[in-house]
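Me: I should like to learn how to read a structure of two chains. May we begin with a single residue and then move outwards?

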Amino acid sequence: MFDLLIVAAMLWCAFQAVRGTRLLIAALWLAGASALAAILMFRLGAPEVAVIELSVGAGLVTVLFVFAINIAGEEPPVKLRTLVPAPVAVIVALCAVGLGAAMALPNLRAASDVIQPDRFAKVLWEDRSLDVLLQVVLLIGGVLAVLGLLVEGRAQARKEHQ
Amino acid sequence: MWLSLPFLSAVGVLGLLGIGLLGLLVTRNLIKVVVGMQVLVKGALLALILAGKLSGQVQTGQTIALTVIVADTIVSVVALALAVQVRRQFGTLDLQALSTLRR
């Protein structure tokens with residue numbers, strides 16, 4: 001029953017995040033969905049990733065959203081016509097979910113009763129060290145991209161000032 | 001079966017993927033696009049952990065999910081920085097207006 005409540009609340013938060021017109025409130029709904037997803041991950045037996053998701057997904061990303069919305073400024077909540085007509089978008093999303101449900105739900109049983117005995121740190125640092133390398137490269141690339149964007153914006157502002 | 005944790009998690013995964021897809025299809029705001037993408041990625045993360053649990057390899061699922069979290073965070077940071085610059089340059093976050101802008 002507890003899991004059912006968690007899943008229902010998570011889906012409700014995600015729907016509100018996508019549906020809302022105010023950006024700041026959408027960011028807060030997204031943080032709620034992240035926190036509930038982290039609880040679900042913990043219940044699924046993945047506490048390490050749950051903690052990281054809670055701190056990064058619900059914490060850091062929300063702070064970044066609020067920061068970006070404050071800098072960019074929130075546009076007035078005008079009801080704009082969507083690029084794809086809303087009924088078509090709903091039908092496409094429902095078809096995708098229905099297809100996924102038809103493929104995944106009937107085969108939803110544990111393929112193996114054997115639980116992986118290794119610790120998370122061992123799997124991360126020894127078995128999947130290439131992933132760690134990829135993460136480091138991604139971090140460096142992300143930092144360089146943000147620095148490049150900010151420097152370009154500052155140079156543009158300086159040019160306009162002159 | 002209906003109230004078991006794997007079944008409910010699978011429903012959550014499918015729901016998050018559907019909601020994220022719907023958000024990406026209907027939104028016109030650049031920052032809301034990032035919100036829709038975040039919802040999609042949450043579904044993918046849960047799917048990875050659920051697959052790890054069902055195959056008895058929870059730690060491998062966790063490791064791959066960690067990589068996805070790092071990649072997703074960096075993509076979000078870059079996309080938000082880009083949105084801020086677009087707003088400064090063009091004064092709007094509307095995708096329709098941006099796609100028809102002439103400099």
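Me: In which helix of chain A is Leu30(A) found?

Reply: Please note at the outset that this is a predicted model. Leu30(A) is found in helix α2 of chain A.

Me: Does one call Leu30(A) buried or exposed, and why?

Reply: The general idea is to count neighbours: a residue is buried if 20 or more other C-beta atoms lie within 10 Å of its own. Leu30(A) has 27 C-beta neighbours inside 10 Å, so this residue counts as buried.

Me: Which residues does Leu30(A) touch, not counting residues up to four places away in sequence?

Reply: In chain A, Leu30(A) touches Ala17(A) and Thr62(A), and in chain B it touches Val35(B) and Gln38(B). Thr62(A) is 32 residues apart from Leu30(A) along the chain, yet their C-alpha atoms are separated by 7.8 Å.

Me: How does one describe the packing of two helices, such as α2(A) and α2(B)?

Reply: Two packed helices are described by the angle between their axes and the distance between the axes. Here, the axes of α2(A) and helix α2 of chain B, residues 30-54, come within 11 Å and cross at roughly 5°. Angles under 35 degrees count as roughly parallel, and α2(A) and α2(B) are therefore roughly parallel to each other.

Me: Which residues of α2(A) and α2(B) meet?

Reply: From α2(A), the residues include Leu23(A), Ala26(A), Leu30(A) and Ala33(A). Among those they meet in α2(B) are Ile31(B), Val35(B), Gln38(B) and Leu46(B). By class, this contact of α2(A) with α2(B) consists of twelve nonpolar, two polar and two charged residues.

Me: What angle does α2(B) make with α3(B)?

Reply: Helix α3 of chain B, residues 58-90, packs against α2(B) at about 175°, and the two axes are 9 Å apart. That angle makes α2(B) roughly antiparallel to α3(B). The contact between α2(B) and α3(B) has 18 nonpolar, six polar and two charged residues.

Me: How many residues does each chain give to the contact between the chains?

Reply: The size of an interface is often given as the accessible area lost when the parts come together. Here one may instead count residues: chain A gives 77 and chain B gives 66. On the side of chain A that touches chain B, α1, α2, α3, α4, α5 and α6 each supply at least two residues. The most come from α3(A), with 14 residues. By class, this side of chain A holds 57 nonpolar, eleven polar and nine charged residues.

Me: How many helices and strands are there in chain A, and how many in chain B?

Reply: Chain A has six helices and zero strands, whereas chain B has four helices and zero strands. Chain B has a radius of gyration of 17 Å, well over the 13 Å that the globule rule gives for 103 residues, so chain B is more spread out than a compact globule. Along the principal axes, the C-alpha atoms of chain B fill a box of roughly 55 × 25 × 15 Å.

Me: What percentage of the residues in chain B is buried, and what percentage in chain A?

Reply: In chain B, buried residues make up 59% of the 103 residues. In chain A, 22% of the 162 residues count as buried.

Me: Into which domains is chain A divided?

Reply: Chain A is divided into domain 1, residues 1-77, and domain 2, residues 118-162. The C-alpha centres of these two domains of chain A lie 22 Å apart.

Methods: Residues numbered from 1 in each chain as written. Chains lettered and ligands numbered in written order. Predicted model: local features only at pLDDT ≥ 70, side-chain atom pairs only at ≥ 80, totals over all residues. Contact = placed C-beta atoms within 7 Å. Nonpolar A, V, L, I, M, F, W, Y, C, P; charged D, E, K, R; others polar. Axes fitted to C-alpha atoms, helices over the stretch in contact; angles between N-to-C directions. Parallel < 35°, antiparallel > 145°, perpendicular 65-115°, else oblique. Rg over C-alpha atoms; globule rule 2.2 N^0.38 Å. Buried ≥ 20, exposed ≤ 12 C-beta atoms within 10 Å, placed from the backbone. Domains from an automatic or database assignment.
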